[in-house]
Amino acid sequence: ALAQQIASETTALVGFNIVITDANGIVLGSGDMSRVGTLHEASLDVVRTRLPATHSAAEASALHGVKPGVTLPILLNGHLIGTVGITGSPAKVTRFGLLVERQTEILLHQASLLRTGLQHQRDLEDLVHEILAFDPEITEAVALLNQAREQAVDLTVSRVGIAVQINGRSSIPTMTTELLPRALVLLRESFPHKHTIAVSIAANRYVVFAH
């Protein structure tokens, strides 16, 4: 879905069809939806060499699922994860190559960071629910400490528990551009210590364990 979104938006941006493949040359996203799921054979050499390649009409016709244009490697955190191709006369589209490659890598990197951040947020929420439900007669404290340690949280540090509820008439915007509730962002800004934990536990309800 992300590859298709990037391909569609970048196609509209540069005016030439964009194709994004995985490391096996399978098209994951394209301005031409009929190409999704097909093999883009030119990508295989680009993946192998990690170097851009251009293909004239004659060269493209000899390859499966390839049209004239340029194909470039996509790197994410130093790892080659696929390719991005631009359809058109190589003389016209090659100059867009670096722009499209860089734009694709930036969007993928941002998506990766967002996914990692959201997973960390969910892990913290799970931890807080475990803390709130903790019963020493049912669960050993060491199990909770170990779960927290996996999230780089030290539960032996003293904290004060704060429950926060935002009423329906609040003027605080619901969300921020980071996809976090604005109230949660404000709580974390208000209690900035690295050992403070602040999470959402339900709609308009938050828990802060403030250092």
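## Two cores and an open sheet

The largest nonpolar core has 16 residues, of which Ile-18, Ile-20, Val-84, Ile-86 and Val-100 touch the most other members; such a core is a set of buried Ala, Val, Leu, Ile, Met, Phe, Trp, Tyr and Cys residues joined through side-chain atoms within 4.5 Å, where buried means under 20% relative accessible area with a 1.4 Å probe and protein chains only. This is a predicted model, in which local features need pLDDT of at least 70 and side-chain atom pairs count only at pLDDT 80 or more, while totals for chains, interfaces and linings use all residues. Residues are numbered from 1 along each chain as its sequence is written, and side-chain values use heavy atoms, with hydrogens and water left out.

**Cores**

- Two or more residues of the largest core come from each of helix H1 (2-14), strand E1 (18-22), strand E4 (69-76), strand E5 (79-87) and H5, the helices (H or I, at least four residues) and strands (E, at least two) being DSSP runs numbered from the N terminus.
- Apart from this core lies another, of ten residues, including Val-128, Ala-148, Ile-197 and Val-207.

**Sheet**

- Three strands form an open sheet in the order E6-E8-E7 with antiparallel pairing, where two strands pair if DSSP finds at least two bridges between them.
- Strand E6 (160-165) and strand E7 (197-202) are the edge strands, each pairing on one side only.
- E7 and strand E8 (residues 205-210) are joined in the antiparallel sense over five bridges, and Val-199 has Val-207 in E8 as its bridge partner.

Methods: Buried means under 20% relative accessible area, exposed over 50%, partly exposed in between (1.4 Å probe, protein chains only).
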